[in-house]
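Please open the structure in your viewer and keep the selection tool at hand. We will go from stop to stop, and at each one you will hear what to select and what is there.

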Amino acid sequence: MRISPVLAILVAVVLVLAACGPIEESELPDFSDRQINVVATTGMVGDIVQVVGGDRVEVTTLMGPGIDPHAYKASEGDVEKIGSADIVFYSGLHLEAKLADVFEKMGDQIVTVPVAEGIPINRRIVVGTGVAAYDPHVWFDVELWSIAVEEVRDTLVRIDPAHADAYNERAAAYQELMAELDAYAAEQAAWVPEGQRVLITAHDAFGYFAKAYNFEVLGLQGISTATEAGAGDIQDLADIIVERQIPAIFVETSVSPRTIQALQEAVRDRGYDVVVGGSLFSDAMGDPGTPEGTYLGMVRHNIDTIVGALVGDGN
Ligand SMILES: [Zn+2]
């Protein structure tokens, strides 16, 4: 059996550091006169770290536009980046399912912080059991994602107390913008007639969005993208769309549009036309330098796209 290069590096790193115990935040170096080298997994997590950390952090985000975090595997280069980071922020709640092993194996040499796991259990959506018990897509309830900002802020304050004031100020300013966005999303959602507040997307990424802004979600795939939608699911959903005269369905930038297109065809076969109302940023942000390349911009894009398509007159 061949051992993959990534695994070989991991084993080597683990062996070298086997003598050390798990590293704690308190064992980190003094950052008062140098930047903190951070690795973040998703764009949404990296965005928080960049905004709150400002010029105190050098952030490397592993998952760029269009990347599916459920399926993401660490490359050799990623393992090196993770290994040389001062601290790793990730979303957690089993979103980055295939990175869990890497984090676990490297636990002796890196500090890892799952930012979404500070969200109280009673505010999480239960979808299963064990490690995948909770829906990880918490960033679409803007108020909940604000708790992730606090996790990042508190961690940075602990490891770099000399700059606590700056972290607190930037986090507060960010949270204020998030509160405005939260109110905007609720306001916009109210334009959609109650019966049409149905969100049909490629995978079940919008459970928290639906709960927060009063939509019903009908997904083609489960919570993770690991399971494919079956032909039966597509036919059942097509029936519902026709029955309820749902005007639009949506593709996602980080999931193949194939099943949504198949669904659209199945609806057409029934003599009803459902439009693809646009592309939503679900598990990855847009291109850097565009409005959708930020967390606030991606959420605003989604709410505008969803409301525009479901209201039906394009406004
Ligand atoms: Zn997802």
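The tour below visits a metal site, a sheet and some helix pairs, in a model that is predicted.

**Stop 1: the zinc ion**

Begin by selecting the zinc ion together with His 70, His 137, His 203 and Asp 283, its protein donors. Each histidine reaches the metal through NE2 and the aspartate through OD, at 1.9 to 2.0 Å. What is the geometry of the site with its 4 donor atoms? The site is tetrahedral, with angles of 96 to 124 degrees among those atoms. Along the sequence, the donor residues follow the spacing H-x66-H-x65-H-x79-D. Now keep just His 137 and His 203 highlighted: they are 66 residues apart and link distant parts of the chain. You will find His 137 in the loop between E4 and H5, and His 203 in strand E5 (residues 198–203).

**Stop 2: the sheet**

Next, colour the open sheet of 4 strands, whose order is E2-E1-E3-E4 and whose pairing is parallel. Which strands stand at the edges? They are E2 (57–61) and E4 (111–114); each has a single partner strand, so one side of each is left without a neighbour in the sheet. As you step across from one strand to the next, the twist averages 25 degrees.

Zoom in on E1 (residues 36–40) and E3 (residues 87–90), which run parallel and are joined by 3 bridges. Select Val 38 to see one bridge position; its partner in E3 is Ile 87.

Now show helix H2 (residues 43–53), which packs on the sheet and touches E1, E2 and E3. The direction of H2 makes about 170 degrees with that of E2. Add helix H5 (residues 142–159), which also packs on the sheet, touching E1, E2, E3 and E4. Here the angle is about 170 degrees between the directions of H5 and E3.

**Stop 3: H5 against H6**

Keep H5 on screen and add H6: their axes are 10 Å apart, and the two pack at an angle of about 175 degrees. H5 and H6 are therefore roughly antiparallel to each other. To see the contact, show side chains including Trp 145, Val 149 and Leu 156 in H5, with Tyr 167, Ala 171 and Met 178 among those in H6. By class, this contact has 11 nonpolar, 3 polar and 4 charged residues.

**Stop 4: H6 against H10**

Finally, select H6 (residues 164–189) with H10 (residues 295–311), whose axes come within 10 Å and cross at roughly 5 degrees. That makes H6 roughly parallel to H10. Among the residues that meet are Leu 177, Leu 181 and Tyr 184 in H6, and Leu 296, Val 299 and Ile 303 in H10. The contact divides into 12 nonpolar, 1 polar and 2 charged residues.

Conventions:
Residues numbered from 1 in each chain as written. Predicted model: local features only at pLDDT ≥ 70, side-chain atom pairs only at ≥ 80, totals over all residues. Heavy atoms only, no water. Axes fitted to C-alpha atoms, helices over the stretch in contact; angles between N-to-C directions. Parallel < 35°, antiparallel > 145°, perpendicular 65-115°, else oblique. Contact = heavy atoms within 4.5 Å. Nonpolar A, V, L, I, M, F, W, Y, C, P; charged D, E, K, R; others polar. Pairing = 2+ DSSP bridges. Donors = N, O, S within 2.8 Å, 3.2 Å for Na, K, Ca; no water. Tetrahedral: all angles 85-135°; square planar, octahedral: opposite > 155°, others 65-115°.
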